[in-house]
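Colleague: Please show me the model, and then I will ask about its parts.

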Amino acid sequence: MIGLAAAFAVAGAASNAVGTAFQRRAASASSRGGIRLLAELVRRPFWMVGMAGVICAALFQSLALVNGPLALVQPLFILELPFALLIAAPLMHRRLPRSGWWGVGACVAGLAVLLIAAAPHGALDQAPLTRWIPALCLCVGAMTAAVLLAGTGRPAVRRAALLATASATGNALTAALLKSASGTFADHGFAAFLRSWQTYGFALAGVAAVLLLENALQAGPLAAAQPALTIGDAVVSLTLGITLFHERIRTGWWLVPEAGGAVLLVAGVLVLSRAVQHLRLLQVPAEEEAAT
C-alpha cells in the first residue's frame, strides 16, 4: 500500500504541475481580468487541459492519502516544482538554465534519500477531537500570525515568505482534513462523507491556502515565496502526520541520511526558485508567436 500511495502522490504532483503550467500558459495570452478573464479562459483548450490536470491531481491526492501516511504523500508533492518547470518552460517558449537542471536533480535525489531513510509508516485515517482541536488551533494561529506579520509596508521578500508560509500551513492542514474525509468515504460511503465535518473543513482550508498563495506571489519574488511554500508544506504535514495520525519515521542513525537528504532537497528548491528568474527565451517561428 505504501508503494501505491507513493505512485498516486507522484501522479498527483505531475498532474498538478500540468494544470499549473497549462493554466498559466492560457492566462499569459490574455490581457483581461476578473470575470471577463474567466469567460475567455473557459474557451481556451490550454486552460481546459489545465483544469483537467488540477482535478486529476485532487483525485490522485485523495487516493494517495487513503493508501499511505501523510508524512509520505505531502513531501512527494514537492516534485510538483521540478515537474512544473520542465513542463512550463517549453510551453512558454523558454529554456531552463543549466543551474535549473542541477536543481531538478538535487530535488529528486534529496527527496528520495529523505523518504527512503525516514520510511514513514503506521498511518491511521482518523484522529479523535482531542488531537484535532489543538492541531486546528495551532495551524490557524500560525497562519493568522504570519498574515499579521506580513502586513503592508513590510519588505517584499519578507511579505512573500510569510504569506507563503501561511499558505503552506493551510495546504498541510487541507491534506490532513482530506485524508480523514477520504478515509470516511472509503469506509462508510458518500453519505457519511457529506456528514463529516472534515469534508467542509478541507474545503475551507483549501480556499484559504489558495488565497494566501495568490497574495504571496503578488507580494514579492517567487524566489522568496517558493522555498517557504514547498518546504513549509512538507514540514507541517510531517508534524500533523505524527501528532494526528500516529505516523512514525525511523530514528537513530537513520537521522544522518535523513538530514543529508533534507539539506540536498532544500538546496534543490532554492536553486529551482532562482532558476525561474533566469529562463532563457527560445527562438520560435513568427507565425507561432503571433498565434499565442
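Colleague: Which helices each supply at least two residues of the lining of the second largest pocket?

Modeller: This is a predicted model, where local features need pLDDT of at least 70, side-chain atom pairs 80 or more, and totals use all residues. Numbering starts from 1 along each chain, and side-chain values use heavy atoms, without hydrogens or water. A pocket is an open set of 1 Å grid points fitting a 1.4 Å probe, with protein on both sides within 12 Å along at least five of seven lines; lining means an atom within 4 Å. The helices (DSSP H or I runs of at least four residues) are α4 (70-76), α6 (98-118), α11 (222-245) and α12 (255-275).

Colleague: How far does α8 reach, and what follows?

Modeller: Helix α8 covers residues 156-188, 33 in number, and spans 47 Å between its end C-alphas. That is close to the expected 48 Å (1.5 Å times one less than the residue count). Just after α8 comes Gly189, with a positive phi of about 95°.

Colleague: How are α3 and α8 oriented to each other?

Modeller: Helix α3 (residues 45-67) packs on α8 with axes (lines fitted to C-alpha atoms over the stretch in contact; angles 0 to 180 degrees) 9 Å apart, at about 75°. Since 65 to 115 degrees counts as such, they are roughly perpendicular.

Conventions. Parallel < 35°, antiparallel > 145°, perpendicular 65-115°, else oblique.
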